[in-house]
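The following report describes how the strands and helices of one protein chain are arranged around its nonpolar core. It should be read alongside the sequence and the coordinates.

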Amino acid sequence: MSLLYEIKKIEEKDIELVAKVSALIFNNDFDNEYKHFLYEAKENPCAIILVAKAKQIIYGYIDFWITFDSATICNIATFQEYRNKGVATSLIKEMFKYLIKENVMFITLEVRKSNIPAFNLYKKFGFNVVSVKPNYYKDGEDALYMIGDVNYVKNNTCY
Ligand SMILES: CC(C)(COP(=O)(O)OP(=O)(O)OC[C@H]1O[C@@H](n2cnc3c(N)ncnc32)[C@H](O)[C@@H]1OP(=O)(O)O)[C@@H](O)C(=O)NCCC(=O)NCCS
């Protein structure tokens, strides 16, 4: 069954739920996650957090930064029970609308080597691995450093 939702900028009332689920998914401390999202939403001038939501339900979020002509995906997650229904795809498409409007050229990210769902998601939007960052994560796992070309997305049907 397809989900009905809108993609919107995060509101302060959404932060608690987003932080709670994010803490669970990434095995992080709730208070730290809460402070992080509050800072990103209210103070960080480079950050944009989008949520996929319908009334009281939040399906997922993306947190990205725009710095001049480049951008970075800091995080993206779809809450467990709503995965494989196109939520992350919709979030990334909406993010690209912001990037195109702001004349961003390239977007970077790090992803765990073992994270096949996320890797496939990024490949779908033309991201390529440019290097490996050894021991990038606290548990020692390497990160793949990927770069996406905003023009590629603009000129292809994935947008
Ligand atoms: C990665 C993640 C955000 C994908 O969210 P999602 O809403 O399920 O993704 P979508 O339904 O939009 O799927 C988009 C693409 O991702 C890939 N994908 C998603 N789930 C997958 C899986 N279980 N196995 C392999 N590829 C998968 C596919 O390429 C899919 O495209 P397709 O449907 O055309 O085949 C989700 O699995 C998640 O929240 N994971 C935990 C958090 C995380 O790892 N975030 C990334 C940090 S770098």
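Immediately after helix H4, Gly-126 adopts a positive phi of about 80°, in what is a predicted model. At the other end of the helix, where H4 starts, a side-chain oxygen of Asn-115 comes to within 3.2 Å of the backbone nitrogen of Ala-118. Ala-118 is also one of the buried residues of H4 (residues 116-124), together with Leu-121 and Tyr-122. Viewed down the helix axis, these buried residues of H4 fall within an arc of 95°, so they line one face of the helix. The elements that cover them include E4, H3, E5 and strand E7 (143-149).

Tyr-122 belongs as well to the residues with the most contacts inside the largest nonpolar core, a set of 46 residues in which Ile-62, Ile-92, Met-95, Phe-96, Leu-99 and Phe-127 are likewise prominent by that count. Helix H3 (residues 87-101) supplies the largest share of this core, namely eight residues. For Ile-92, once its neighbours within four places in sequence are set aside, the contacts are Ile-62, Ile-76, Leu-121, Tyr-122 and Phe-125.

The sheet is open and consists of seven strands in the order E1-E2-E3-E4-E5-E7-E6, with mixed pairing. Its edges are formed by strand E1 (6-9) and strand E6 (128-133), each of which pairs on one side only. On average, and with direction ignored, neighbouring strands of the sheet are turned by 25° against each other. H3 packs on this sheet, where it touches E1, E2, strand E3 (57-67), strand E4 (70-78) and strand E5 (106-112), and the direction of H3 makes about 30° with that of E3.

Three of the strand pairings can be set side by side.

| Strands | Bridges and direction | Example of partners |
|---|---|---|
| E1 and E2 (residues 47-54) | four, antiparallel | Ile-7 and Ala-52 |
| E2 and E3 | eight, antiparallel | Ile-48 and Phe-64 |
| E3 and E4 | eight, antiparallel | Trp-65 and Thr-72 |

E3 takes part in two hairpins, and a residue with positive phi is found in each of them. In the hairpin of E2 and E3, which has two residues between the strands, Lys-55 takes a positive phi near 45°. The hairpin of E3 and E4 also has two residues between its strands, and there Phe-68 in the turn has a positive phi of about 55°. As for E3 itself, eight of its 11 residues are buried, so this strand is largely enclosed by the rest of the structure.

Technical notes:
Residues are numbered from 1 along each chain as its sequence is written. This is a predicted model: local features need pLDDT of at least 70, side-chain atom pairs count only at pLDDT 80 or more; totals for chains, interfaces and linings use all residues. Side-chain values use heavy atoms; hydrogens and water are left out. A nonpolar core is a set of buried Ala, Val, Leu, Ile, Met, Phe, Trp, Tyr and Cys residues joined through side-chain atoms within 4.5 Å. Buried means under 20% relative accessible area, exposed over 50%, partly exposed in between (1.4 Å probe, protein chains only). Contact means heavy atoms within 4.5 Å. Two strands pair if DSSP finds at least two bridges between them. Axes are lines fitted to C-alpha atoms, for helices over the stretch in contact, and angles run from 0 to 180 degrees between N-to-C directions. The arc is that of the directions from the helix axis to the C-beta atoms. A polar contact is a pair of N or O atoms within 3.5 Å; within protein, one must be able to donate a hydrogen and the other to accept it, and residues adjacent in sequence count only if both atoms are side-chain atoms.
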